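Reader: Could you walk me through the first helix and what surrounds it?

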Amino acid sequence: MDLKRVLEDIARAIVDNPDAVTVEETVDGDDIELVLSVDEDDTGMVIGRHGRIAKAIRQVMKAVANTCGKRVTVEIK
């Protein structure tokens, strides 16, 4: 499963400017680091109040990665 694509789809569904969503992927064995970048105006939408949406995104991504036998970390810039 393409974790990068899953994160892009989730982020594009949340933000007002979906064309500005980019995800950089770094793979090191079973560890995957995803760096999500969105438009400055959309940063608050992705993080949410007290980081609730960011936490939910990370939980979903960890669940998806677990089905593939991988470990994922998500950073939001």
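**Helix α1 and its neighbours**

In α1, the buried residues (under 20% relative accessible area, 1.4 Å probe, protein chains only) are L3, L7, E8 and A11. This is a predicted model, where local features need pLDDT of at least 70, side-chain atom pairs count only at pLDDT 80 or more, and totals for chains, interfaces and linings use all residues. Residues are numbered from 1 along each chain as its sequence is written, and side-chain values use heavy atoms, with hydrogens and water left out.

Reader: Within what arc do the buried residues of α1 fall, seen down the axis?
Author: Take the directions from the helix axis to the C-beta atoms. The buried residues line one face of α1, because they fall within an arc of 135 degrees.

Reader: At what angle do α1 and α3 pack?
Author: Angles here run from 0 to 180 degrees between N-to-C directions, with axes fitted to C-alpha atoms over the stretch in contact. Over 145 degrees counts as roughly antiparallel, and α1 and α3 are therefore in that class. Their axes lie 11 Å apart, and the angle is about 150 degrees.

Reader: Which residues of α3 make the contact with α1?
Author: Contact means heavy atoms within 4.5 Å. On the α1 side, L3, V6, L7, I10 and I14 take part. Their partners on α3 are I53, I57, V60, M61, V64 and A65.

Reader: Is V21 buried or exposed?
Author: V21 sits in the loop between α1 and β1, and touches E8, A11 and R12, among others. Its relative accessibility is 3%, so V21 counts as buried.

Technical notes: Buried means under 20% relative accessible area, exposed over 50%, partly exposed in between (1.4 Å probe, protein chains only). Helices (H or I, at least four residues) and strands (E, at least two) are DSSP runs, numbered from the N terminus. Angles under 35 degrees count as roughly parallel, over 145 as roughly antiparallel, 65 to 115 as roughly perpendicular and the rest as oblique. Lists of a residue's contacts leave out its neighbours within four places in sequence.
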